[in-house]
Amino acid sequence: MSRPEHNDPLPKDPQDNHHHHHPDMPSQPQSGSAAASSAHAHPSVIQKIAAAIPTSGAYPLLCFLPLGLMADVLHWNPVLVFLYNFLAIIPLSAVVSDCSDLLSDYLGELMGGLINATFGNCVELSTGILALARGEVYFAQSVMIGSILSDLLLILGCCLIAASYNTFILHFNKPVTGALASLMVVTSVGLILPSVLYSTFPFDLGEQIIAFSRGTSAVLLLLYGGYLYFQLGTHSHLFQQQDDSPDNESHSSREPQHSLNRLVITLALSSLGIIACAKNIIDSIPATAASLNISKTFIATILIPIISNSCEGAVVITACTGGGDVNFAISVIVSSILQIGLFAIPFLVMLGWVIAKPMTLYFETFHTVVLFFSVLLVNCILQDGKYTYIHGSMLVAMYAILTLAFYVR
C-alpha cells in the first residue's frame, strides 16, 4: 500500500478536515472541531509516540531477515521459515515505502508519485508473480483480493474510528471521495464481470474467458494510466494533505537530506529482500498450512495482505488520530485499492499470457461475492458523505467476520 506524501502525520489545521457539528446536538468539551483543534495545538505524548511507531518501530524487525534466509538455506522447520520471513517482510515494506517517498525530493512529485505507485504494493506483486510462475493462479488471485479487502475494510474502518471517536457527525470531502468511490466501483465491476459471465453460461467458456480477461485487463491498464494522470498531473492538489501551518511551509521547501545513490541502492536491495522472503514463504506454505491446520487460502487472503499493509496502515491510521484529515487517508487507501485492481491484477493476467501461465479474471464465487458486498458497503458510506466511529466499527466487524469465514473454509 502506498503511503502518503512525505508530510507530517498529523495535520495542523482542523479547518481542512471538513468537520461539522450536528445542528441539534449541544456543544460539549470533547466534541467537534474544538477537540480536534485542541489535539492539534497541544499533541499529547501518546500521539507523538504513535506518530513515530509506524516507520521506526518496524525497523528492529530487520533482524528476522538473515534468520529467514538462513532458515531456508539450512532447511529448518518450515513453520520457522514461514514465521521469520513473514516478520522480515514488515520492515522491508516500510523501507521500500520510505525510500520511494524520499526519492520525490530528487525526482519531483510526478516521478516520485510514479515510483511510489509502482513500489506501493511490492509485496503483493512479488508474491503474485512468484505464485503465477509456479502455476498457482488461485493463490495469486487470493493475495490480490485479500489486499483489497484489507485496505477496504480493516484499514479504512480503523481510520474512521480514529478520526471520529469522541466527536459528533463528521463529513467527507464529497468531490474527492465521490470520484474515488466511482473509480472503485468501475474497478470492481471489471474484476467481477468475468465471473458473472462464466456463471451465466451452461457450458465451459474456456478460451473465451481467457480472451475476455485479457481484453478487460488491457482496458483496466489504460484506465490506470488515466487515473495516474488525474492523480499526479491535472488534479494533484486533491490528493495532498491539507496543512497551512508555518512548519509545513518549511517542510515543503526542504532540501533532500539523503544521497540519491543511497536511496536507489536501498530501494533495490529492499525489493530484492521482499522477493527472497516471498519466495521462502511460498516454499514453506504447504508444510506450514498442514502443521498449523490452516488453509493456503487463509494465508494468501488474510495473512500476507496484513503484513504488506501493516506499516502503511499504521501511518494512515495515525494521521487520522485525534480528528486528523480522514479525507486524505481515504484518498491514500482507495489509491492503494486502485493500484491492485487497475494495475497489479491486470499486469498478472498479461504476464501469464507472456509466460504461458494463463491467468484470468474469473475468481472463485466466494471471493466475488465478498468483494461485491465490501465495495457496496464502503461505497454507500462514502456516497452518504457523513460518518461516525460506528461506520468504522461496521467495516472492522465485517473484516473480522470474513477472516473467520476464510479460516474455517
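Helix 13 is mostly covered, with 25 of its 29 residues buried. The model is predicted, and this briefing treats its helix 13, its helix 11, its salt bridges and a nonpolar patch on its surface. The salt bridges number 3, and the nonpolar surface patch amounts to about 520 Å².

**Helix 13**

- Helix 13 spans residues 326-354 and has 29 residues.
- From its first C-alpha to its last, helix 13 reaches 41 Å, close to the 42 Å expected at 1.5 Å a residue.
- A bend of about 30 degrees occurs in helix 13 at Ile340.
- Ala356, just after helix 13, adopts a positive phi of about 60 degrees.

**Helix 11**

- Helix 11 covers residues 260-292 and bends by about 50 degrees at Ile285.
- A proline, Pro286, follows Ile285 within four residues.
- Asn293 follows helix 11 and has a positive phi, near 60 degrees.

**Salt bridges involving Asp283**

- Asp283 and Arg134 meet through their side chains in a salt bridge, with an N to O distance of 2.5 Å.
- Because Asp283 lies in helix 11 and Arg134 in the loop between helix 6 (122-133) and helix 7 (137-164), this pair ties together parts that are 149 residues apart in sequence.
- Asp283 also forms a salt bridge with Lys279, whose closest N and O atoms are 3.0 Å apart.
- Lys279 and Asp283 are 4 residues apart in helix 11, which means that about one helical turn separates them.
- Arg134, Lys279 and Asp283 are thereby linked in a network of salt bridges.
- Asp283 is partly exposed, its relative accessible area being 34%.
- Arg134 is likewise partly exposed, with a relative accessible area of 38%, and Lys279 counts as partly exposed at 37% relative accessibility.

**Salt bridge between Glu136 and Lys296**

- Glu136 pairs with Lys296 in a salt bridge, and the closest N and O atoms are 3.7 Å apart.
- Glu136 lies in the loop between helix 6 and helix 7, whereas Lys296 lies in helix 12 (residues 296-320), so the pair ties together parts that are 160 residues apart in sequence.
- Glu136 counts as partly exposed at 26% relative accessibility.
- Lys296 counts as partly exposed at 34% relative accessibility.

**Nonpolar surface patch**

- The patch of about 520 Å² is made by Met70, Val73, Leu74, Trp76, Leu80 and Leu83.
- At least two residues of the nonpolar patch come from helix 3 (64-73), and at least two come from helix 4 (78-102).
- Val73, one of the patch residues, is found in helix 3.
- Val73 is exposed, because its relative accessible area is 58% and the cut-off for exposed is over 50%.

**Points to locate in the structure**

- On helix 11, the places to inspect are the bend at Ile285, with Pro286 following within four residues, and Asn293 after the helix.
- On helix 13, they are the bend at Ile340 and Ala356 just after the helix.
- The loop between helix 6 and helix 7 holds Arg134, the partner of Asp283, and Glu136, the partner of Lys296.

How values were computed
Residues are numbered from 1 along each chain as its sequence is written. This is a predicted model: local features need pLDDT of at least 70, side-chain atom pairs count only at pLDDT 80 or more; totals for chains, interfaces and linings use all residues. Side-chain values use heavy atoms; hydrogens and water are left out. Patches are made of residues with over 30% relative accessible area and no salt bridge: like charges are joined within 9 Å, nonpolar side chains (Val, Leu, Ile, Met, Phe, Trp, Tyr) within 5 Å. Accessible areas come from the Shrake-Rupley method with a 1.4 Å probe; for residues, only the protein chains shown count as cover. A salt bridge is a side-chain nitrogen of Lys or Arg within 4 Å of a carboxyl oxygen of Asp or Glu. Buried means under 20% relative accessible area, exposed over 50%, partly exposed in between (1.4 Å probe, protein chains only). The bend at a residue is the angle between axes fitted to the seven residues ending there and the seven starting there. The expected span of a helix is 1.5 Å times one less than its number of residues.
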